Amino acid sequence: GLEIFKPFFNNVPIGVSIVDNKGTILFANKIELQMLGYEELEYVNHNIAVFHKNTSSVSAIFNCLQLRKDFFNQEAQLVCKDGSLRAVILRSAINFPEQSLNGTICLTRDISYLKKSENYLKYLNHASEELSSMQDMAEALDKITQLIVPAFADWVVINDLKDDGFAYLLKMAHVDAQKVEWAEQYRRAHP
């Protein structure tokens, strides 16, 4: 059964797994294992629910498996070996008719970079809306630091480079207010 497909599936440039109708992973190709950081023994022969962050995506997949229906563009967050999350789109490709292979072939496409870009665009849109109404530079700098820390950075330092070649501090922020105080003391002691 499965053995004839493995060489082909191991050479396709997308994550492929074979899952039985109870959700047990019977096979995963190299791409899928690398994408999530697991060794074959850590992933294969385990239930898909172990690797899904959200129960809603698992429920939708289980429903399709039980009804022997394909699923298309099912978004999910998979838990990687290191604990990080990977945004993916899942698609079932083929339901096996034989009772011995009662399951489906799942294609897994990593969309983490798309989700990250989507979040950046949402952030930039929000920042533009917030900053467009600002008239005062000090108020705008406060808003910029609030938008950056902690969403994108722990630290933000905004300097104004003057004609004399020195950088003059306009605004500084950190997630830990004590570190801002320490940095301000350091800047005063070492201009």
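This section describes the nonpolar cores, a strand hairpin, the aromatic pairs and the cysteines of a predicted model.

The largest nonpolar core comprises 21 residues, of which Ile25, Leu36 and Tyr43 touch the most other members. Two or more residues of this core are supplied by each of strand 2 (25–28), helix 2 (30–36), helix 4 (55–67), strand 3 (74–79) and strand 4 (85–95). When residues up to four places away in sequence are set aside, Leu36 is in contact with Tyr43, Leu78, Cys80, Lys81 and Arg86. Apart from the largest core lies another, of 6 residues, which includes Phe9, Val12, Ile18 and Phe27. Such groupings may be read against the general tendency of nonpolar side chains in soluble globular proteins to be buried together.

Phe9 and Phe27, both listed among the members of the 6-residue core, also take part in ring pairs that link them with Phe8 into a cluster. Across the structure, the count of aromatic pairs comes to 6. One of them is formed by Trp182 and Tyr186, whose rings are stacked, with 5.8 Å between the centres and 20 degrees between the planes. These two residues are separated by about one helical turn, because they lie 4 residues apart in helix 7 (residues 177–189). With a relative accessible area of 54%, Trp182 is exposed, whereas Tyr186, at 44% relative accessibility, counts as partly exposed. Neither residue of this stacked pair therefore meets the criterion for burial, which is a relative accessible area under 20%.

Further along the description, strand 6 (residues 155–161) and strand 7 (residues 167–174) run antiparallel and are joined by 7 bridges. Within this pairing, Asn159 of strand 6 stands opposite Leu169 of strand 7. The hairpin that the two strands form has 5 residues between the strands, and Gly165 takes a positive phi near 90 degrees in this hairpin.

With regard to the cysteines, the structure holds 0 disulfides. Cys80, which is among the residues touched by Leu36, is in no disulfide, and the nearest cysteine sulfur, that of Cys106, is 17 Å away. Because a disulfide requires the two sulfur atoms to lie within 2.5 Å, the separation of 17 Å leaves Cys80 and Cys106 unpaired with each other. Both cysteines are nevertheless buried, Cys80 at 5% relative accessibility and Cys106 with a relative accessible area of 7%.

Notes. Residues are numbered from 1 along each chain as its sequence is written. This is a predicted model: local features need pLDDT of at least 70, side-chain atom pairs count only at pLDDT 80 or more; totals for chains, interfaces and linings use all residues. Side-chain values use heavy atoms; hydrogens and water are left out. A nonpolar core is a set of buried Ala, Val, Leu, Ile, Met, Phe, Trp, Tyr and Cys residues joined through side-chain atoms within 4.5 Å. Buried means under 20% relative accessible area, exposed over 50%, partly exposed in between (1.4 Å probe, protein chains only). Contact means heavy atoms within 4.5 Å. Two strands pair if DSSP finds at least two bridges between them. Rings of Phe, Tyr and Trp (its six-membered ring) pair if their centres lie within 6.5 Å; planes under 30 degrees apart count as stacked, over 60 as edge-to-face and the rest as tilted.
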